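Welcome! Here are some exercises to work through at your own pace, each with a solution beneath it. Have a look at the structure before you begin.

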Amino acid sequence: MSETNRRDFVKILGIGSAAGLAGCTRTAPDTLTPYVVPPEEMVRGHALWYRATCRECPAGCGIEARVREGRVHKVEGNPEHPVNGGGLCSRGQAAVQGLYNPDRLRTPLVRGAGGALQPASWQEALDAASALLAKARGRKDAIGFMTGASAGALDDLAADCLKAWNSARRIRYEPVAYDSVRAANALCFDRPGLPVLRFAEARAIYVFGADPLETYVSPAGYTRGITEARRAGARMVFFGSRLSLTGARADEWVAGEPGRLAMALVRELTAGDARFAAIRKWAEPFTPERAGLKPEVAQKLVREIRANAFLAVAGGVAASDLADAIAVNLLNHVAGAINKTVRFDRASSLDTVSSVFDASGLDALLVVDANPFYTAPPKAAAGGPKIVALSSYPTETTAAADIVLPIHTPLESWGDYEPWAGIHSLQQPAMLPVFETRDAGDVLLKLSGASGEYRDYIRARWKKFASADFESFWKDALKRGGHWEDAPAREVRLTGADLSAQLKPLLENASGYMLQTYASLAHFDGRGANRPWLQEMPDPLTQVVWDSWAEVNPDDARKLGVKTGDRVRLRTPQGQLQLAAYVYPGILPGTVAVPLGQGHTNFGRYANGVGVNAAALVAQAPDPAAGGVRWSGGRVEIERVDANGGLVVISGHDLQESRGIARSRLTGAGAPAAAEKREEPELSIYPEHEHKPYRWAMAIDLDACTGCGACIAACYAENNVPVVGKEEAARGREMSWIRLERFFGPGETVSAPFQVDLTLMLCQQCDGAPCEPVCPVFAAYHTQEGLNGQIYNRCVGTRYCSNNCPYKTRRFNWFQAEWAAPLDWQLNPDVTARTRGVMEKCTFCVQRIVEAKDRARREARPLADGDIAPACAQSCPAAAIVFGNVNDPASRIARLQANDRRYRALEELNTRPAVSYLERERRI
Amino acid sequence: MRSILLALLAVAGVAAAIEPGQPINFSHKIHAGDNKIQCLFCHSGARRSTVSGIPSVQLCMGCHRMAAVNKPEIARVRAYFEKKQPIPWTRVVKEPDYVFFNHSPHISRGVRCQECHGPVETMTQTRLDHTLSMNVCVACHRQRGVSVDCYTCHR
Amino acid sequence: MSRETGVDRYTLNYSNIDVDLVRTMQPAGKLYYTVLVILAAIAGWGGYAWSVQLRLGLGVAGITWPVGWGFYITTFVFWVGIAHSGTLISAVLFLFRVRWRSPIYRSAEAVTVFAVMTAGLFPLIHMGRPWVAYWLMPYPQMGGLFPNFRSPLVWDVFAISTYLTVSVLFFVTGMAPDLAIVRDRTVGWRNKVYGLLAQGWQGTDRQWKHYTAAYVFLAALATPLVISVHSIVSWDFAMSIIPGWHTAIFPPYFVAGAIHSGLAMVLLIVIPMRRIFNLQPYITGEHLANMSKMLIFTGLILGYAYGIEFFIAWYSNNVYERSLFFYRAFGDYAWALWLLVACNVLGPSLFVFRRVRHSIPAIVAISVFVNVGMFFERFVIIVTSLGHSFDPFTWKVYVPRWPEVSILAGSFAWFFLLFLIFAKLFPVVSMWEVKEQLPLPRKEDTHA
């Protein structure tokens, strides 16, 4: 350096820094990887859609998987599927989080000599399994085959396997098995199965404790049917001791014991009717007073039943007694609903399942995609059969298994599932497997000694459906999502057996507290607990996240000295639990309700240690009163422990305080006249925005919205919304762009003592948005098409926009969001993944708007109404959200602007939202 | 002397950033220039999709099964194809993550590839002709009277 | 002692003013350095908290949805408010020829400058992406975007930077003759530095003529800033639509509050300073009493503002306003509201009694209360309105966490640290202005 004088030094410095700086403006080189041989049907940048079947619950809705460059990003309902017709519930939307779950099993596990499960190769594990099966099949019926509801190819394969293994021990286990409904149908109609419920054709729908809008049998399909019925003027009444979400959506809540109430109605209906003399005799003791039914209410209900197409539905987990189901069967019968709206044309895949299983006398048990040890842990410490578990995730069952074989999730597998007889719903892989797992069918074929792949097995099974050319039939079936056969009508009749003995339990009065456990909307029977979206979505009624809770009546809470968030201990003869209490006005005194699905011990990072397992309180044995496991109706003791429940409740305040955010009105005979609506002129000192050619708007029908949260899960999936976890959610940092706002209120009618109002709150895309003038950098601005734009790369994070938003729909990224691999594979490539320090909010799925406009331009046609559905609107099973171009007078959205139920939230602030709401109707 | 060496190093560094090295010495001049192959022949995605795409190895082999077979670079392409390995091209044009550029409306409205990518048909080595910063896009959009709404590119 | 100016004519003369006030800049003792180190440590801890926040994200703080602004903006408005009293004393009282401002104006102006410097940090601290904070400045950006001039936050940028610029100019200009005195009494590198800062002051008549004109000009420039800057800061809230913020009274209410808190902070600074530097002949009890009298006045304005806000909320019959003000008085933060009313209105009203306003401990106590009260006033305004706005589903309580408390404490330490350094490097009382209050020296007097 001694030769370098000052001039050179400056020169070097100058050139060096210039070069360095110049290098700084270029980004570091990336690698572009082309295909070697590109797949024919794929255009990079365009999505491919593969139709399949959702297997998140036994309902078997049809789905379409959106695949971009070989990765599934989102799942939507299949509009051509007879079960759900295009809608998809939140659990279905969360299926992608099962596919990309970071805790998925990646290698087979074999229990070693030391007693611990060790990773093994596929060859080793299959050899071990084959050896085990070979040894066991020497004795007859020594091998058991357990699945959940599995009607379809898997059932056939199971039968083939068992035959190969010299056994007939077929176990179909579902914790939620509706045993009582099926047993009641067997007794009443000689048909031991679930009925087909034609909600759409009924005009008086009476729900006795069941939750058809949440988890009962086929919730997406039932939601569609019920919504259709209500749009045609139907009225829904809920009978039960706990107002579930379904009950909250009913027009009336008749509080009491559902079975007793049903029999009281049967008694009134059969009065003086010679046809039903025998039934009248059984119903004699059930006076309205006995049932807690006011005589005038009883009369009104009876009149309604007589005047309308009727449908009553019973059971579900929350009212799982045989007597309840029989009572409702009788009600349907005397009301003339049997063979009309309540039919038995098709068997359900749940007809052959049971909520109890018997593994005694087995040497080996194969458990395929089921988790019996979560709800029914084995009592014996040692002994019992050797278990071979085929599962995608670690579960309580795999923890106890001897050999664990990791299988594909449904989105990676072949399959066919028959939710209802004749509805053959196909499953096909939407992408290559994420991990080194295998198709369960392939594994089973191998273990049973058969040759070939599961795909061919299914194809062979489907040959019988094709009339002519099988290959084109098969292609059509894959494109359609399955094959639907007509079902011949099958009538049933009342058997005439004496049911008075079975009805007697309804007359008993028990003392103390009754426990109701119910399948939760988010986790169903527990299988959804490892999907972070489902944990983060608040329960619609309690608004609790990442936890379990015990619902307690306010009077009982006062007596026990319990407040929401306190820790309480629940004790039954089966066990005890400590969990947080939630004081809920919608539950009768003497009832304590706990949702199922949490409290996992081996189900991954998002489920372990979260909440408590309510199954621990319930005897996992057949109960004569229920026909299966008696999830509700048992006695429970409750006492306060301390104030450390650790409950996180998302809602700030439970009452609307006269702000008209979630509006409802009474309609029907006897309802007061609707208030005069004053049309306020929209004044502004600023020039009006011009919206050409499109102006996007949305209408949300609060009468159709059931609060199921499908829209919320869909939005998470579509827009790369991060999950923040319990601790951050407690600080109000959840990132959901659309939220369900739940308000409690005093009832407006005599018979409805308490009501729940729901609304969906999302960015209202205001025409006079308060967030726009206050953003210092124009990150929030008004687009030419009526949207309120949020440009993430411009946002500096002052949060003034959120402060000025009256709806508080803007969410700030407080931390850098992270997705545990491979959950980041799910991220939508058409939407930015936001960095920390920026504000985000609903964009009306602008990426879909842009994509639709692009497609229309390429196809040289104008955009049509219905071309664009934001993720929330697309997923709603009730089709409650309508989106479109309000500049087009023929569009649905434009016509809805003139609907007399239409209002906008906080209109008086002159924000001019693009989102309208249609008032909910309570029909009295 | 020392300063000259340093200066050369610096220039090389900058050059490497603008005109990165490629695994195969592909020359657009030969293909698009001398042989007048249409841009869309290889980059077919540009017409109907957001991304223009890089031609698959199979597309290269489509011609080079017979054309210029004995050239050493072609032999390397063939080796990639036979080993079923994709050619790891080094990316030249990259916009930040928050820019959602869609080729399709540009191509369909007659914007020539050269307007943004420069005179590619004269390039023996693919390079970035000019940085495609926001003012370049906005200026052209304004000139043609097309939307300058932020949502057009930023979502 | 002259009642008019408060300056003791009989023991002060030109030369002992110089001696007394340059003596404050002598090398410091152990106490000074101990306090310096403690303040630096607290400020350093605040800086560490900020670094954690920069590294991990704003999530480490307690601000959340819907209360997106909490301690940081409260502290920002608090420090901007503190700054106003300095300008009031230096510029406004100058233009009104209020003589007793002379000995305290230098320290008051220092309070202004340091408070604005402290306040200026907070927009950066509270931003989600402070590394792009320069986007709030208008510059030729490649996308053709300018900042949104309709946003009060951009007005803040201009207001605060203008205020800082003018205050610094005024401060440095006002010190020129004094720095010349210091220059003439020092040697070596100090002589050079003070010489640079004195800007070549020789004390000639011509210089004095230009100087007084410049001084008046700067005072006139600074005067409207007293009203405008805090009005603009108040528009951060008043220009929004949420209940409790959307009110026209905010500009005068905030300006009055600013002067209120600023006077209290000046008192808190000046009283220990006068004790430690033995400046009692310069800053007499009359000066302190006069400032206390001003506190009564501003306190009454605030009392009116509090009262009228509640009255209008009730009178308006607007469900949102009524609910919010009911929540302010009886909700989760009711303790803060009643505390601030007591501190800001009731406390200073005690200055009506002559005994109180001439009692140093009383003045100190009430000034501390005023500062506490003013902090909570901004806190209550921000946090209750955000946490209790239109949709009851969104109502939430804000709880500050350690970074916010640390940065608040750090800001106080930073402010006092700056003043402490200033006190040792620059004359804390304006020598030339005090001399102006004295009669012209006669030849007989120049032998002290």
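**Exercise 1.** Which side chains meet in a salt bridge at 3.9 Å, N to O?

*Solution.* Keep in mind that this is a predicted model.
- Step 1: Find Arg739(A) and Asp391(C), whose side chains form the salt bridge, with 3.9 Å from N to O.
- Step 2: Check the cut-off, which asks for the nitrogen to lie within 4 Å of a carboxyl oxygen.
- Step 3: Turn to the count, which is 1 salt bridge between chain A and chain C.

**Exercise 2.** Describe the contact between chain A and chain C.

*Solution.*
- Step 1: Start with the residues that take part: 56 come from chain A and 55 from chain C.
- Step 2: Move on to area. The size of an interface is often expressed as the accessible area lost when the parts come together. Between chain A and chain C, about 4500 Å² is buried, and carbon and sulfur atoms give 56% of that.
- Step 3: Pick out the residues of chain A that lose the most area to chain C: Arg659(A), Tyr800(A) and Arg836(A), together 16% of what that side buries.
- Step 4: Add the polar contacts, which link 34 residue pairs between the two chains, both residues at pLDDT 80 or more.
- Step 5: Locate the elements of chain A that each supply at least two residues to this side: strand 29 (739-746), helix 24 (771-774), helix 25 (800-804) and strand 33 (811-812). Strand 29 of chain A has the largest share, with 5 residues.
- Step 6: Sort the side of chain A that touches chain C by class, which gives 26 nonpolar, 14 polar and 16 charged residues.

**Exercise 3.** Divide chain A into its domains, then examine how domain 1 meets domain 5.

*Solution.*
- Step 1: Read off the assignment for chain A: domain 1 (48-99), domain 2 (109-170 + 360-484), domain 3 (179-350), domain 4 (509-642) and domain 5 (664-750 + 759-923).
- Step 2: Place the two domains. Taken over C-alpha atoms, the centres of domain 1 and domain 5 of chain A are 23 Å apart. Domain 1 brings 16 residues to the contact and domain 5 brings 21.
- Step 3: Look at the area buried between these two domains, about 1500 Å², with 48% from carbon and sulfur atoms. On the domain 1 side, Arg71(A), His73(A) and Lys74(A) supply 31% of the buried area, more than any other three residues.
- Step 4: Count the salt bridges between domain 1 and domain 5 of chain A, which number 4. In the model, Arg66(A) and Asp830(A) also meet through their side chains in a salt bridge of 2.8 Å, N to O.
- Step 5: Note the 10 residue pairs in polar contact between domain 1 and domain 5 of chain A, both residues at pLDDT 80 or more. Among the elements giving two or more residues to the domain 1 side are strand 3 (62-68) and strand 4 (71-77) of chain A. Strand 4 gives the largest share, 6 residues.

**Exercise 4.** Where in chain A should you read the coordinates with care?

*Solution.*
- Step 1: Take the whole chain: the mean pLDDT of chain A is 92, and 96% of its residues reach 70 or more.
- Step 2: Find stretches with pLDDT below 50, including residues 1-6 and residues 8-27 of chain A.
- Step 3: Apply the rule that predicted coordinates should not be read in detail where pLDDT is low.

Conventions
Residues are numbered from 1 along each chain as its sequence is written. Chains are lettered from A and ligands numbered from 1 in the order in which they are written. Side-chain values use heavy atoms; hydrogens and water are left out. Domain bounds come from an automatic or database domain assignment. Contact means heavy atoms within 4.5 Å. Buried area is the accessible area (1.4 Å probe) that two parts lose on being put together, summed over both. A polar contact is a pair of N or O atoms within 3.5 Å; within protein, one must be able to donate a hydrogen and the other to accept it, and residues adjacent in sequence count only if both atoms are side-chain atoms. Helices (H or I, at least four residues) and strands (E, at least two) are DSSP runs, numbered from the N terminus. Ala, Val, Leu, Ile, Met, Phe, Trp, Tyr, Cys and Pro count as nonpolar, Asp, Glu, Lys and Arg as charged, and the others, Gly among them, as polar. pLDDT is the predictor's confidence in each residue, from 0 to 100.
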